[in-house]
Each structure stands twice: as C-alpha cells, then as structure tokens.
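Please open the structure in a viewer and keep the selection tool at hand. The tour below proceeds from one selection to the next and describes what is found at each stop.

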Amino acid sequence: MRFEVVRHIDATPDVVWAALVDVERWPEWTDSVTSVRRLGTGPLQVGSEARVKQPRLAAQVWRVTELTERRSFTWEARGPGLTTIGGHVLAEDANGAVTATLSLEQRGPLAPVLGFALGGMVRRYVTMEADGLKRVSERP
C-alpha cells in the first residue's frame with residue numbers, strides 16, 4: 001500500500017524545509033498529528049527518533065532512515081507484521097518555488113489488511129499534512 005500527495009508551494013526551499021524538519025511543531029499546522037516528541041536533541045538526521053501520536057492511532061516511534069539536507073527525509077515506524085515508511089521530498093522549480101511530495105507506504109504481512117481497513121484515513125492524513133505544509137510555508 002502506498003499513498004502519495006504532491007503540492008506546489010510558493011515559498012523558498014529553505015522555508016519549506018525548516019517547517020518540514022521541525023517535526024515537533026507539526027501539530028500546529030496539521031490536524032493529522034496530535035503530538036510529536038523528539039527522543040533526542042540536535043538537528044533531524046539519520047537515526048533521529050520521534051514519538052508521534054495521531055488521532056485514532058496508537059503512538060509510534062518513527063526513526064529517520066534517510067536524509068538529504070534541504071531535499072528529503074524518510075522515516076519508518078515498525079511494529080509486528082508492519083513497517084510504515086513516510087517520505088518527504090522537496091524539489092525546486094525554475095521559479096524558486098517548491099514541489100513537495102509526501103508519501104506513506106506500508107509493507108509486511110499486515111499491510112493488505114490495514115490498507116483495506118485504514119486506507120481512507122491514511123489518505124486523508126497524508127493529504128492534511130501536505131496541505132498544512134503548504135499553508136505554513138506560504139504564511140507571510
């Protein structure tokens with residue numbers, strides 16, 4: 001199961017990146033996240049972890065597995081029979097604006113069952129996050 005949402009954001013890559021990697025502030029701009037608590041200090045980097053609580057879902061620890069400064073980061077949450085992968089990719093266009101691609105993929109034996117049961121909610125949450133990122137980044 002994989003969902004992907006693309007938004008064109010009229011802001012510089014630095015502005016969008018700053019909002020994206022400040023994960024503890026996500027609850028301020030998306031209703032799909034109730035709380036985020038970093039489990040370490042310093043800038044977001046490979047190995048960084050955060051406990052994320054979302055409405056109607058149990059809290060999960062997400063671990064950054066890939067990060068390219070100002071361009072992308074991927075993190076994963078693992079549980080019995082399921083790995084959930086969140087992707088966040090920024091690309092600058094010729095006018096200096098940003099195309100943000102947010103994705104969520106689920107793998108493992110439970111992925112088909114959970115995809116069927118929770119697919120609509122997951123799709124809404126990824127969309128909320130993309131829309132919120134656009135809003136907060138374009139804010140004057």
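Begin by selecting Val126, which has its place in helix H3 of this predicted model. Its relative accessible area is 4%, so Val126 is buried. Now display what surrounds it: when residues up to four places away in sequence are not counted, Val126 touches Val5, Leu102 and Leu104. A further selection, Thr101, lies 25 residues from Val126 in sequence, and the C-alpha atoms of the two are 10.0 Å apart in space.

Next, extend the selection to the whole of helix H3 (111–138). What would a straight helix of 28 residues span, and what does H3 span between its end C-alpha atoms? At 1.5 Å a residue the straight helix would span 40 Å, whereas H3 spans only 35 Å. To see a bend in H3, centre the view on Leu118, where there is a kink of about 70 degrees.

Keep H3 visible and add the strands. The sheet is open and consists of 7 strands, in the order E1-E7-E6-E5-E4-E3-E2, with antiparallel pairing. Which strands stand at the edges? They are E1 and strand E2 (35–38); each has a single partner strand, so one side of each is left without a neighbour in the sheet. On average, neighbouring strands of this sheet are turned by 20 degrees against each other, direction ignored.

Select E2 and show its side chains. In a regular strand, side chains alternate between the two faces of the sheet. Along E2, Val36 and Arg38 point to one face and are buried, while Ser35 and Arg37 point to the other and are not buried. Add E3 to the view: E2 and E3 run antiparallel and are joined by 4 bridges. Opposite Arg37 stands Arg51 in E3.

Follow the chain from E3 into the loop between E3 and E4, and select Arg56 there. The phi angle of Arg56 is near 70 degrees, a positive value in a residue other than glycine. With 67% relative accessibility, Arg56 counts as exposed.

The next stop is the pair E4 and E5, which are antiparallel and pair over 6 bridges. One residue to highlight is Thr68, whose bridge partner in E5 is Ser72. Then select Arg70, in the loop between E4 and E5. Arg70 also has a positive phi, near 65 degrees, and is a residue other than glycine. Is Arg70 buried, exposed or partly exposed? Its relative accessible area is 38%, so Arg70 is partly exposed.

Now bring the helices back against the sheet. H1 lies across E1, E4, E5, strand E6 (82–92) and E7, and runs at about 160 degrees to E6. H3 also packs on the sheet, where it touches E1, E6 and E7, and its direction makes about 10 degrees with that of E1.

Strand E6 offers two residues to inspect. Select Thr84 in E6; at 5% relative accessibility, Thr84 counts as buried. Apart from neighbours within four places in sequence, Thr84 is in contact with Trp62, Trp75, Glu76, Ala77, Leu104, Glu105 and Gln106. Gly108 is 24 residues from Thr84 in sequence, with 8.9 Å in space from C-alpha to C-alpha.

The other selection in strand E6 is His88. His88 counts as buried, at 4% relative accessibility. Among the residues His88 touches, not counting those up to four places away in sequence, are Leu20, Trp26, Phe73, Trp75 and Thr101.

From His88, move to Trp26. Leaving aside neighbours within four places in sequence, the contacts of Trp26 are Ala19, Leu20, Val33, Phe73, Trp75 and His88.

For the final stop, which residues have the most contacts inside the largest nonpolar core? They are Trp26, Phe73, Trp75 and Leu133, in a core of 32 residues. Colour the elements that give two or more residues to this core: strand E1 (2–9), helix H1 (13–21), helix H2 (26–29), strand E3 (49–53), strand E4 (60–68), strand E5 (72–79), strand E7 (98–107) and helix H3 (111–138).

Note on methods
Residues are numbered from 1 along each chain as its sequence is written. This is a predicted model: local features need pLDDT of at least 70, side-chain atom pairs count only at pLDDT 80 or more; totals for chains, interfaces and linings use all residues. Side-chain values use heavy atoms; hydrogens and water are left out. A nonpolar core is a set of buried Ala, Val, Leu, Ile, Met, Phe, Trp, Tyr and Cys residues joined through side-chain atoms within 4.5 Å. Buried means under 20% relative accessible area, exposed over 50%, partly exposed in between (1.4 Å probe, protein chains only). Contact means heavy atoms within 4.5 Å. The expected span of a helix is 1.5 Å times one less than its number of residues. The bend at a residue is the angle between axes fitted to the seven residues ending there and the seven starting there. Two strands pair if DSSP finds at least two bridges between them. Axes are lines fitted to C-alpha atoms, for helices over the stretch in contact, and angles run from 0 to 180 degrees between N-to-C directions.
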